[in-house]
Amino acid sequence: QVQLVESGGGLVQAGGSLRLSCAASGSIFSINLMGWYRQAPGDQRELVATITSTSSTNYADSVKGRFTISRDNTKHTVYLQMNSLKPEDTSVYYCKALIENPLGTTFQYWGQGTQVTVSS
């Protein structure tokens with residue numbers, strides 16, 4: 001089965017930077033889309049950024065100009081470079097991927113989540 005393993009979360013002061021990584025492994029034929037979502041306590045999960053197989057990107061308005069999403073197809077990995085972090089960015093960040101298996105079916109997968117805390 002497919003697993004998404006995240007890393008790079010932690011504690012940082014406002015104005016600092018972090019880079020999140022998410023590596024997919026398992027029964028993978030192709031990855032159509034990868035992205036990052038976040039969910040703060042008591043809030044709903046929201047889109048942060050996505051990147052397609054053709055490298056087109058989409059960002060939430062709140063992170064445009066500060067966050068950059070990228071992918072490395074050779075490693076089945078997506079990254080989120082987060083600069084100029086604000087306390088409002090504090091959340092659990094989840095990796096999502098749309099993955100086609102060798103049988104030709106596509107499923108949506110979620111990572112376990114990684115905590116990002118920005119102090120003021």
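Student: Is Y37 buried or exposed?
Tutor: The model is predicted: local features need pLDDT of at least 70, side-chain atom pairs count only at pLDDT 80 or more, and totals for chains, interfaces and linings use all residues. Residues are numbered from 1 along each chain as its sequence is written, and side-chain values use heavy atoms, without hydrogens and water. Buried means under 20% relative accessible area, exposed means over 50%, and partly exposed is in between (1.4 Å probe, protein chains only). The relative accessible area of Y37 is 12%, so Y37 is buried.

Student: How many aromatic pairs does the structure hold?
Tutor: Rings of Phe, Tyr and Trp (its six-membered ring) pair if their centres lie within 6.5 Å; planes under 30 degrees apart are stacked, over 60 edge-to-face, and the rest tilted. By that rule the number of aromatic pairs is one.

Student: Which geometry do Y37 and W110 have as an aromatic pair?
Tutor: Their centres are 5.2 Å apart. The angle between the planes is 70°, and the pair is edge-to-face.

Student: How many residues apart are Y37 and W110?
Tutor: Strands (E, at least two residues) and helices (H or I, at least four) are DSSP runs, numbered from the N terminus. Y37 is in strand β4 (residues 30-39) and W110 in strand β10 (residues 106-110). The pair links distant parts of the chain, and the separation is 73 residues.

Student: Over the ring of which residue does the charged end of R45 sit, 3.8 Å from its centre?
Tutor: A charge sits over a ring if NZ of Lys or CZ of Arg is within 6 Å of the ring centre and within 35 degrees of the ring normal. R45 also lies over the face of W110, at 4.6 Å from the ring centre. The ring at 3.8 Å belongs to Y94.

Student: What is the torsion about the S-S bond of C22 and C95?
Tutor: A disulfide is a covalent bond between the sulfur atoms of two cysteines. Here the rule is a pair of cysteine sulfur atoms within 2.5 Å, and the sulfur atoms of C22 and C95 are 2.2 Å apart. The disulfide is left-handed because the torsion is about -85°.

Student: Which strands hold C22 and C95?
Tutor: Each cysteine is buried: C22 has 0% relative accessibility, and C95 has 0% too. The disulfide ties together parts that are 73 residues apart in sequence, because C22 lies in strand β3 (residues 18-25) and C95 in strand β9 (residues 91-100).

Student: Which side chains of strand β7 point to the face where they are buried?
Tutor: Strand β7 covers residues 67-72, and its side chains alternate. T68, S70 and D72 point to one face and are not buried. The buried ones, on the other face, are F67, I69 and R71.

Student: What is the bridge partner of S70 in β8?
Tutor: Two strands pair if DSSP finds at least two bridges between them. β7 and strand β8 (residues 77-82) pair in the antiparallel sense over six bridges. The partner of S70 is Y79.

Student: What is the phi of H76?
Tutor: Most residues other than glycine have a negative phi. H76 is in the turn of the hairpin that β7 and β8 form, with four residues between them. H76 is not a glycine, yet its phi is positive, near 50°.

Student: Which backbone nitrogen lies 3.1 Å from a polar atom of the side chain of S91?
Tutor: S91 lies in strand β9 and is buried, with a relative accessible area of 3%. Contact means heavy atoms within 4.5 Å, and, not counting residues up to four places away in sequence, S91 touches R38, Q39, A40, T114, Q115 and V116. The backbone nitrogen in question is that of A40.

Student: Which residue in β10 stands opposite E100?
Tutor: β9 and β10 pair in the antiparallel sense over five bridges. They form a hairpin with five residues between them, and G104 in the turn has a positive phi of about 95°. Opposite E100 stands T106.

Student: What distance separates the C-alpha atoms of L11 and T106?
Tutor: L11 is in strand β2 (residues 10-13) and is exposed, with a relative accessible area of 66%. L11 and T106 are 95 residues apart along the chain, and their C-alpha atoms are separated by 35 Å.

Notes:
Polar contact = N/O pair within 3.5 Å; in protein donor to acceptor, adjacent residues only side chain to side chain.
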